[in-house]
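Q: I'm new to this structure and would love a close look at a single part of it. Could you walk me through one strand and its surroundings, and then point out a few local details elsewhere?

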Amino acid sequence: MVGGRICGLSVRDVRFPTSLGGHGSDAMHTDPDYSAAYVILETDVGDGLKGYGITFTLGRGTEVVVCAVNALAHHVLSKDLRDIVGDFRGFYRQLTSDGQLRWIGPEKGAVHLATAAVLNAVWDLWAKQEGKPLWKLLVDMKYCRKVKLVKKKELCTEALKDGWTRFKVKVGADLQDDIRRCRLIRDMIGPEKILMMDANQRWDVPEAVEWMSKLAEFKPLWIEEPTSPDDILGHATISKALVPLGIGVATGEQCHNRVIFKQLLQAKALQFLQIDSCRLGSVNENLSVLLMAKKFEIPVCPHAGGVGLCELVQHLIIFDFISVSASLKNRMCEYVDHLHEHFRYPVIIKKASYMPPKDAGYSTEMKTDSVQKHQYPDGDVWKKLLAAQGN
């Protein structure tokens, strides 16, 4: 039986010093510390179950999202979980339509990231009380309720041995270096494997077209985030220009909300849609985007990596396959082998494929020891790093 009054909401600033090794860097984000605002919900049921939610950040700024979570807390505390899930649409609207907080959104930026973290925790708690992994909770709903980087030859060789057939390379900082690396990867994986490119918003529109024209010889399936995520017409221009080259446009990991996705689809600005489990307003908003993608017959290829994004998004793409698209054509889910050891229920990959999670919940729960060590600025890891910087 789902229910229980939510009597506790806490949020922690958890950061992993990935910038020390350059992990996750790209042409635009050169020194990321992969981080998360980590939300924990507790109820008065006494069953020991808690809801865990995260949203992904890059270090500085996580404290802003933490403040936003605390500002939303009054919408959650003292609510009964049964009432929340009984009118989840209404609860979602309550969070995203706060008359004062909405002014610093609406439905975008730090306040929307905070909304994602809170709602991810609610979904995790609901799925745990039902005793199901989130994807199964979604699949079992009645219809009326549904609304990395390859840097070295060794890494590429190892991925091929493990059965990977699709590879992505970061581009956009230096054209000659891009050509060198793309040639190396294409030569290693051969003509039959799929190569994708990611510019992380580095270019303006004419530059994107020109740059990709020079990389077209390497036969990329797509160019991801070629320009600003807000430039819908710019994406449409790039998309149209790259059609003769056989290159698609993929974007979505930094789309603010479902409205931006709707306009991208209407403008025929993308050929591959990339949802993100922590950028939009959690499962609620992602479901609406999955349905729009189905209507426009655009394949969904979720963004993942970061902190916990693989763990979360696997549930959404499994649901999409079973209940929405019913197709694997031109569909894939990004995977980065990074930071999974900090999660209690990490993703399981076999033969280059996600295995459906069997544990109840949204796979959002982090290991207590990892949270304590990496909490900013009081965790052991950050105490040592900050002390070293001070010296």
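A: Happy to. Let's start with one pair of residues: Lys-168 stands opposite Met-196 in β5. Please keep in mind that this is a predicted model.

Lys-168 belongs to strand β4, which covers residues 166-170. The partner strand, β5, spans residues 194-198, and 5 bridges join the two, which run parallel. Another facing pair is Val-169, which stands opposite Met-197 in β5.

Now step back to the sheet. It is an open sheet of 5 strands in the order β4-β5-β6-β7-β8, with parallel pairing. β4 and β8 (272-273) are its edge strands, each pairing on one side only. Even at this edge, β4 is mostly covered, with 4 of its 5 residues buried. Helix α7, residues 175-189, lies across β4 and β5 and runs at about 170° to β4.

If you follow the chain beyond β5, you come to Asn-200, in the loop between β5 and α8 (205-215). Asn-200 has a positive phi of about 50°, although it is not a glycine. That is worth a glance because most residues other than glycine have a negative phi. Asn-200 has a relative accessibility of 3%, so it counts as buried, the cut-off being under 20%.

Ser-282 makes a good companion to Asn-200. Its phi is near 60°, again a positive value in a residue other than glycine. Ser-282 is found in helix α11, residues 282-296, and it is buried because its relative accessible area is 0%.

His-235, in helix α9 (residues 232-242), also counts as buried, at 0% relative accessibility. What does His-235 touch, not counting residues up to four places away in sequence? Its contacts are Pro-226, Thr-227, Ser-228, Pro-229, Val-249, Thr-251, Leu-264 and Ala-269.

For a contrast, look at Leu-328, in the loop between α12 (309-324) and β9 (349-350). Leu-328 has a relative accessible area of 60%, so it is exposed. Together with Phe-321 and Ile-322, Leu-328 makes a nonpolar surface patch of about 290 Å².

Finally, turn to the backbone at two prolines. A cis peptide bond joins Gly-105 and Pro-106, with omega about -20°, and Pro-106 is found in the loop between α3 (88-96) and α4 (109-130). The bond from Tyr-376 to Pro-377 is cis too, with omega near 0°; Pro-377 is in the loop between α13 (368-374) and α14 (380-390). Most peptide bonds are trans.

Conventions. Residues numbered from 1 in each chain as written. Predicted model: local features only at pLDDT ≥ 70, side-chain atom pairs only at ≥ 80, totals over all residues. Heavy atoms only, no water. Pairing = 2+ DSSP bridges. Contact = heavy atoms within 4.5 Å. Axes fitted to C-alpha atoms, helices over the stretch in contact; angles between N-to-C directions. Patch = residues over 30% accessible without salt bridge, like charges linked within 9 Å, V, L, I, M, F, W, Y side chains within 5 Å. Areas by Shrake-Rupley, 256 points an atom, 1.4 Å probe, with all protein chains shown as cover. Salt bridge = Lys/Arg side-chain N within 4 Å of Asp/Glu carboxyl O. Buried < 20%, exposed > 50% of the residue type's maximum accessible area, 1.4 Å probe, protein only.
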